[in-house]
Number of protein chains: 2
Amino acid sequence: MKRLGTQTVYLPSKPAILSSAAVVGKKESEGPLKNCFDYASDDSRFGAETWEKAEVKMLNKCFSIACDKAKLPPSDLNYVLAGDLLSQCISSTFAMKDSGIPYLGLYGACSTMAESLSLAAMLIDGGFADRCCAMTGSHFCTAERQFRMPLEYGGQRCPSCQWTVTAAGALILGSGSGPRVTHLTTGAIIDAGIKDVNNMGAAMAPAAYETLKAHFADTGRTPDYYDAIFTGDLGALGRDIVQDLFKQDGVKLGAEYMDCGVLIYDLNTQDVQSGGSGCGCSASVLAGHIIPAMKKGIWKKVLFAATGALMSPVSSMQGESIPGICHAVAIESEGA
Amino acid sequence: MKRLGTQTVYLPSKPAILSSAAVVGKKESEGPLKNCFDYASDDSRFGAETWEKAEVKMLNKCFSIACDKAKLPPSDLNYVLAGDLLSQCISSTFAMKDSGIPYLGLYGACSTMAESLSLAAMLIDGGFADRCCAMTGSHFCTAERQFRMPLEYGGQRCPSCQWTVTAAGALILGSGSGPRVTHLTTGAIIDAGIKDVNNMGAAMAPAAYETLKAHFADTGRTPDYYDAIFTGDLGALGRDIVQDLFKQDGVKLGAEYMDCGVLIYDLNTQDVQSGGSGCGCSASVLAGHIIPAMKKGIWKKVLFAATGALMSPVSSMQGESIPGICHAVAIESEGA
């Protein structure tokens, strides 16, 4: 068995991330990571008729770029593992519907990049696939009107609000050259009882804490084992909660700990309140920023912990809380 | 590599289905399979306040019964793989939110039972898990109001319509005694261009045909290798399309071929038009009827091919077609 402790597995073959691609919208292309992305659209519609169709085009473009960068025709992929935030995950479905590639649809809310990466790595390490694509994305305009208010309503945003990132990220995994996936810690659902749909950071932070804690316990590692630890999209408020929770345990998460939702925007000038959120947030930061930095040797050992809020407008209107989930993926540079 | 042909993998360790459980609503408990299910509720609300909360209770009960029948505490499970039809898959999430078990959320529409079973079997065969639960379910009242009309509207139903099954199915997989998962054929998305949301059978049938054809090609088997072949929820109309498509290839799908959506209701007396549909349809028929029949020796070799329609109300309202998907799982009795 390839198991460590209660929630972690290790991957003896260490599947490689052969390529990564990130496609973003205008706002993301004006933020601190503006030079990281493979393609940015000036138009929130990506040239499509509706925002939903735009999200499909964005994912499709991201998938194509990832295949191109891996120098693989799509038909060389054994599986695509993908999901998104839209009801019934239509943007991933429609992006892949003409690909002809065996498709495994996922729903992990904003944790989908870590979920798809985990399953892709296990399918390769388990001997079921040579090459897989793990992908996800989100769009500000589709998410806002689905989860919150019509954009035309112009609702006020509170300080704990987060801005859904318009972005997609895709990784091609296989045997070959690239940063390697070594360990996976799959999270249980954690319900901290938060009911405020404008405070996703607080809803997801306890899940991030529990999964990171399980990862450290299962592997015997401490945070300083890693050159960098990233949570997915907690924003500034959620990030602070994670640091506080670890502080109560006497564990210091220092400068090596960052949150993708804080990195992708300039929180002082871009009017995004607590930071970025959405599947595309951690996906585009991983594909556009983290993996390329690992290839350049800036970081050798990285822990990527994408976080998701498992709610819907219906569950919230029926008075339910917002359960969170977080999956962590340990990635090492070749030769680390 | 454990691959055969383009879309199929085989599982050398042949993970066993240790237990199966099916929980259904009143209408299902009055159909031809009425004696197959572990629990039936007389109340469409399962004692809960709303239909969505009822769906949660139904899934939760099904999970508990599956664990009981496997004589395992839930904490002995390494992963739960689950999904459902509700937007953002809230019924699976809320059913599992207090379980403490690592959770992998899936969206495969009505193909989810085959998707969850496939991934659970691969996680076990790959050495990542000792025991997993694969689960899904659907509820007529939540699905109708989400995908079609408020029930109070009392809309007319056309002959090609299908009745969303109120049911959940759960399987516990691991090493031990029980029918064994031997091969998996994961489907690509197939878009036949169908846009009629009242004709899901026609939208999904081409996907069932393509996946079954790939399964036969990859394994070198013919339909008569199997004692029984089940599609998920094509209904009478979709089943006939699959038979017609194979007939054009000169392949006869005879009496060994059945559709779970046709089996679960009496199409002559239960006013369900073309038959049953929904994740819970193939899940409850597999867990309540097929697996128990295999244990009794009625069938030794079974091919289970759950089918899904990958649409949402938004995609349909934006003029999109309804892509289909189908995943096939080969199951053999012990000693077959």
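# Two chains, one interface

Hi everyone, let's start with one residue: Lys14(A) is partly exposed, with 37% of relative accessible area. That label applies because 37% is neither under 20% nor over 50%. Before I go on, please keep in mind that this is a predicted model.

So where along the chain is Lys14(A)? Lys14(A) belongs to the loop that runs between β2 (8-10) and β3 (16-24) of chain A. I picked it for its backbone: Lys14(A) is not a glycine, and still its phi is positive, about 45 degrees.

Ala109(A) has a positive phi as well, near 50 degrees, and Ala109(A) is again a residue other than glycine. Look for Ala109(A) in the loop between β6 (103-105) and α3 (112-125) of chain A. Is Ala109(A) buried or exposed? Ala109(A) counts as buried, because its relative accessibility is 1%.

Now let's zoom out to the two chains. How does chain B lie on chain A? A turn of 180 degrees, with a shift of 0.0 Å along the axis, lays chain B on chain A with an RMSD of 0.0 Å. The two copies are therefore related as by a two-fold rotation axis. The same surface serves both copies, too: of the contact residues of chain B, 100% recur in chain A.

How many residues are in contact? On the chain B side there are 60 residues, and they are in contact with 60 residues of chain A. Between them, chain B and chain A bury about 5000 Å², and 62% of that is on carbon and sulfur atoms. If you'd like names to click on, try Gln88(B), Phe128(B) and Ile189(B): in chain B these lose the most area to chain A, together 16% of what that side buries.

Next, the polar side of the interface. Across the interface of chain B and chain A there are 27 residue pairs in polar contact, with both residues at pLDDT 80 or more. Which elements of chain B supply the side that touches chain A? At least two residues each come from β2 (8-10), α1 (51-69), α2 (90-96), β6 (103-105), α3 (112-125), α4 (140-147), α9 (313-317) and β15 (324-332) of chain B. The largest share comes from α3(B), with five residues. Sorted by class, the side of chain B that touches chain A has 31 nonpolar, 18 polar and 11 charged residues.

Let me show you one spot at this interface, around Ser87(A). Ser87(A) is in the loop between β5 (79-84) and α2 (90-96) of chain A. Ser87(A) counts as buried, because its relative accessibility is 13%. Which residues does Ser87(A) touch, leaving aside those up to four places away in sequence? They are Gln146(A), Ser87(B), Gln88(B) and Ser312(B). Two side-chain polar contacts cross to chain B here: Ser87(A) with Ser87(B) at 3.0 Å, and Ser87(A) with Gln88(B) at 3.5 Å. We have met Gln88(B) before, among the residues of chain B that lose the most area to chain A.

Finally, salt bridges. The count over all chains comes to 24, and four salt bridges are found across the interface of chain B and chain A. A salt bridge between the chains joins the side chains of Glu320(B) and Lys53(A), at 3.1 Å from N to O.

For an example within a helix, take Lys213(A) and Glu210(A), which form a salt bridge with their closest N and O atoms 3.8 Å apart. These two are about one helical turn apart, because three residues separate them in helix α5 (residues 200-219) of chain A. Lys213(A) is partly exposed at 34% relative accessibility, and Glu210(A) is partly exposed at 32%.

My last stop is Asp98(A), which forms a salt bridge with Lys97(A), the closest N and O atoms being 3.6 Å apart. Asp98(A) is exposed, with 64% of relative accessible area, whereas Lys97(A) counts as buried at 15%. In chain B, Lys97(B) and Asp98(B) meet in a salt bridge at 3.6 Å, N to O. There, Lys97(B) counts as buried at 15%, and Asp98(B) is exposed at 65%. Which residues are joined into one network by salt bridges that share partners? They are Lys97(A), Asp98(A) and Asp191(B).

That's my tour. Thanks for listening!

Methods. Residues numbered from 1 in each chain as written. Chains lettered and ligands numbered in written order. Predicted model: local features only at pLDDT ≥ 70, side-chain atom pairs only at ≥ 80, totals over all residues. Heavy atoms only, no water. Least-squares fit on C-alpha atoms with pLDDT ≥ 70 in both. Contact = heavy atoms within 4.5 Å. Buried area = accessible area lost by both parts, 1.4 Å probe. Polar contact = N/O pair within 3.5 Å; in protein donor to acceptor, adjacent residues only side chain to side chain. Helix = DSSP H or I, 4+ residues; strand = E, 2+ residues; numbered from the N terminus. Nonpolar A, V, L, I, M, F, W, Y, C, P; charged D, E, K, R; others polar. Buried < 20%, exposed > 50% of the residue type's maximum accessible area, 1.4 Å probe, protein only.
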